[in-house]
Structure formats: structure tokens, C-alpha cells
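Please work through the exercises below with the sequence and the model open beside you. Each task is followed by a solution that goes step by step.

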Amino acid sequence: MSWFIAALKKYAVFKGRARRKEFWLFMLFVYLIYGVLGGIGFATHSSAVLAGLFIALIGFMLPTWAVTVRRLHDSGLSGWLILIGLVPTIGAIALVVFCCTKSNAGANKYGPNPKEDPALA
């Protein structure tokens with residue numbers, strides 16, 4: 001849960017790097033929230049809950065983009081590669097592969113490695 005909160009605190013920070021752990025735990029909690037709200041909304045046919053789901057989708061959009069860009073930076077890739085996710089199917093698969101790749105050891109042009117620097121973790 002602390003990784004989710006840490007990513008939310010940096011909701012609009014597109015500079016720097018994000019560890020795989022930060023990225024994947026953030027995504028896990030976001031999709032759990034989507035799943036719970038969607039499941040409750042569709043099961044009860046409640047428009048209020050579905051409106052909450054829509055608000056959550058909009059609310060988590062910027063933090064999701066930011067943590068994805070920082071994750072790409074951790075692998076030494078440009079944050080603009082997030083746009084490859086707009087290509088149907090293949091783009092989404094490529095983006096997942098990029099987010100799964102191991103981080104660069106040591107500092108890269110996007111900053112120090114957060115795994116090696118406890119102050120950044």
C-alpha cells in the first residue's frame with residue numbers, strides 16, 4: 001500500500017525514475033479499485049457507483065501516465081514511448097514488455113537508480 005501512496009504523491013511528476021515494484025503495485029491497486037467499483041456497479045445496476053468508477057478512471061489517469069513514464073525512464077527509455085500504447089494490441093503488449101524490463105544499473109540520464117538510493121525509494 002505504501003508504494004501506491006508514494007506513486008500518488010508524485011501524481012504529476014514525469015521526471016525521474018520508478019522501480020518495477022512501485023509501478024506494478026500502483027497498477028495492482030488501481031485495477032483492484034476499478035474491478036471493485038465496476039463489479040459493484042454492474043451487479044447492482046447502480047448509476048452512482050458507475051459514476052464513481054468513471055471519476056476513478058479520470059482521477060487515476062494522470063498518476064498512471066506519470067508512473068508509466070518514470071518506469072520507462074528507469075529502463076533508459078524515453079517517456080514518449082508511452083504513446084506506443086495507442087497502437088491497438090501490439091502497442092499495449094510492447095508497453096507491458098518495456099515496463100517489465102530490468103532497470104539500468106546506476107544512474108542514467110533520467111536520474112539515479114531508486115533501487116540503489118534509499119533516499120529515493
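A residue counts as buried under 20% relative accessible area, as exposed over 50%, and as partly exposed in between. The model used here is a predicted one.

**Exercise 1.** Decide whether Met61 is buried, partly exposed or exposed.

*Solution.* Begin by locating Met61, which sits in helix H4. Its relative accessibility is 34%, a value between the two cut-offs, and therefore Met61 is classed as partly exposed.

**Exercise 2.** Place Gly59 in the same scheme, and relate its position to that of Tyr11.

*Solution.* Gly59 belongs to helix H3. Because its relative accessible area is 47%, Gly59 is partly exposed. Although 48 residues separate Gly59 from Tyr11 in sequence, their C-alpha atoms are 10.0 Å apart in space.

**Exercise 3.** Describe the nonpolar patch on the surface and state which helix supplies the largest share of it.

*Solution.* The patch includes Tyr11, Phe14, Met61 and Trp65, and its members together have about 870 Å² of accessible area. Helix H3 (47–59) and helix H4 (61–74) each contribute at least two residues, and the largest share, four residues, comes from H3.

**Exercise 4.** Characterise the largest pocket by its volume and its lining.

*Solution.* The space in the largest pocket amounts to about 660 Å³. Its lining is made up of 26 residues, with Thr64, Trp65, Thr68, Ile82 and Leu95 nearest the centre. Helix H2 (20–44), H4 and helix H5 (90–100) each provide at least two lining residues. Sorted by character, the lining comprises 20 nonpolar residues, six polar and no charged ones.

Key: Residues numbered from 1 in each chain as written. Predicted model: local features only at pLDDT ≥ 70, side-chain atom pairs only at ≥ 80, totals over all residues. Heavy atoms only, no water. Patch = residues over 30% accessible without salt bridge, like charges linked within 9 Å, V, L, I, M, F, W, Y side chains within 5 Å. Areas by Shrake-Rupley, 256 points an atom, 1.4 Å probe, with all protein chains shown as cover. Salt bridge = Lys/Arg side-chain N within 4 Å of Asp/Glu carboxyl O. Buried < 20%, exposed > 50% of the residue type's maximum accessible area, 1.4 Å probe, protein only. 1 Å grid on protein atoms, 1.4 Å probe; cavity = no way out; pocket = protein on both sides within 12 Å on 5 of 7 lines; lining within 4 Å. Points joined across faces, edges and corners; volume = space filled by probe spheres on them. Nonpolar A, V, L, I, M, F, W, Y, C, P; charged D, E, K, R; others polar.
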